[in-house]
Structure formats: structure tokens, C-alpha cells
Amino acid sequence: MTVIDEWTGRHANALRAALRLTNEAFAEHLGIAPRTVTKWRERPEMVPSPQLQEALDTSLRDAAPDARLRFTANLGLDQQPLPIDPAALTQLNTAIGDLARVLARLQPADPQQSPTH
């Protein structure tokens, strides 16, 4: 499960969206004023109070598994790096070197001189 060390407005809004709640419903869910949820959307860097941090932790912990997946996806945390195949990387580097040599041959020696056909 995703653990948030310090909640921000960005995290809280991602949780609201993952739970598929309106600002008003999310505010009611947390026991806060709707304007607080609006502030989180307007100021994603805002850090909620420690009490709200705990309420957000609880809300995430108690969320359905599909909502937790949406939360992770909303934050872009679900993207795992792809493993790099060393053989493919070697082939790619060789192809780039070959392409650079071909392009160098196609360019005229004098940049002011255009190729004649």
C-alpha cells in the first residue's frame, strides 16, 4: 500500500478523485469545511495540519482496493521502470553511431554551400 510521509494538497486531491467524491462529499467524509478541500486544489503544495494528516492516512487506509489503485495512478506512482536489456542497449548505441556517421557524410563541408544535384 502507498504510504504518504507528508500529505500535501496534491495528495489530498488525488485521494478525493480516487474516492470519486465531490469537494463537498470529501469535506464531509473528513469532517472539514468544503473551502479547505478547495484550497488544496488551488494550492497543491499546501501541507494540511497534523490532525488532517491523520484523517487522510485513515481515509487512504480504509479506502477500497480499487480506490487505492486509482490514488496511486493519480499520483503517477504506479509507473514501474522497465528493465533495460543490455544487448538491446548495445544495438541501439551502435545504430546511433552509424546514423551519426551517415548524417556527417550527407552534410556539405561548407555550411554555406548547398549540395548540387
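This passage describes the helices, packing, salt bridges and surface of a predicted model.

The chain is helical throughout its regular structure, with six helices and zero strands. Along the sequence the pattern reads α-α-α-α-α-α. The chain has 117 residues, and 25% of them are buried. Its accessible surface is about 8600 Å². Carbon and sulfur atoms contribute 55% of that area. Among contacts with a separation of 6 or more, 63% join residues 24 or more positions apart.

Helix H1 spans residues 9–18 and is mostly covered. Seven of its 10 residues are buried. The buried set consists of Gly9, His11, Ala12, Ala14, Leu15, Arg16 and Ala18. Both His11 and Arg16 thus appear in the list alongside Leu15 and several alanines. These buried residues of H1 pack against four other helices: H2, H3 (34–42), H4 and H5. Just after H1, Arg20 adopts a positive phi of about 60°.

Two packed helices are described by the angle between their axes and the distance between the axes. For helix H2 (residues 23–30) and helix H4 (residues 50–62), the angle is about 105° and the axes lie 10 Å apart. H2 is therefore roughly perpendicular to H4, as the range for that class runs from 65 to 115 degrees. On the H2 side, the contact involves Phe26, His29 and Leu30. On the H4 side, Ala55, Leu56 and Ser59 take part. H2 and H4 are also both partners of the buried residues of H1.

Side chains of opposite charge can pair when their charged atoms come close. The model contains four salt bridges. Three are described here, beginning with Asp62 and Arg61. The closest N and O atoms of Asp62 and Arg61 are 3.3 Å apart. Asp62 is exposed, at a relative accessible area of 55%. Arg61 is partly exposed, at 48%.

Another salt bridge joins the side chains of Arg70 and Asp66, at 3.2 Å from N to O. Both residues belong to helix H5 (residues 65–74). Arg70 and Asp66 are four residues apart, about one turn of the helix. An α-helix has 3.6 residues a turn, so residues three or four places apart point the same way. Arg70 has a relative accessible area of 21% and is partly exposed; the cut-off for buried is under 20%. Asp66 is partly exposed as well, with 42%.

In helix H6 (residues 86–106), Asp98 forms a salt bridge with Arg101. Their closest N and O atoms are 2.4 Å apart. Asp98 and Arg101 are separated by three residues, again about one turn of the helix. Asp98 is partly exposed, with a relative accessible area of 36%. Arg101 is likewise partly exposed, with 46%.

The surface also carries a nonpolar patch, formed by Ile84, Leu89, Leu92 and Ile96. Together these residues present about 390 Å² of accessible area. Ile96 lies in helix H6, the helix that also holds Asp98 and Arg101. Ile96 counts as partly exposed because its relative accessibility is 48%. That value is over the 30% required for patch membership.

Notes:
Residues are numbered from 1 along each chain as its sequence is written. This is a predicted model: local features need pLDDT of at least 70, side-chain atom pairs count only at pLDDT 80 or more; totals for chains, interfaces and linings use all residues. Side-chain values use heavy atoms; hydrogens and water are left out. Patches are made of residues with over 30% relative accessible area and no salt bridge: like charges are joined within 9 Å, nonpolar side chains (Val, Leu, Ile, Met, Phe, Trp, Tyr) within 5 Å. Accessible areas come from the Shrake-Rupley method with a 1.4 Å probe; for residues, only the protein chains shown count as cover. Helices (H or I, at least four residues) and strands (E, at least two) are DSSP runs, numbered from the N terminus. Buried means under 20% relative accessible area, exposed over 50%, partly exposed in between (1.4 Å probe, protein chains only). Axes are lines fitted to C-alpha atoms, for helices over the stretch in contact, and angles run from 0 to 180 degrees between N-to-C directions. Angles under 35 degrees count as roughly parallel, over 145 as roughly antiparallel, 65 to 115 as roughly perpendicular and the rest as oblique. Contact means heavy atoms within 4.5 Å.
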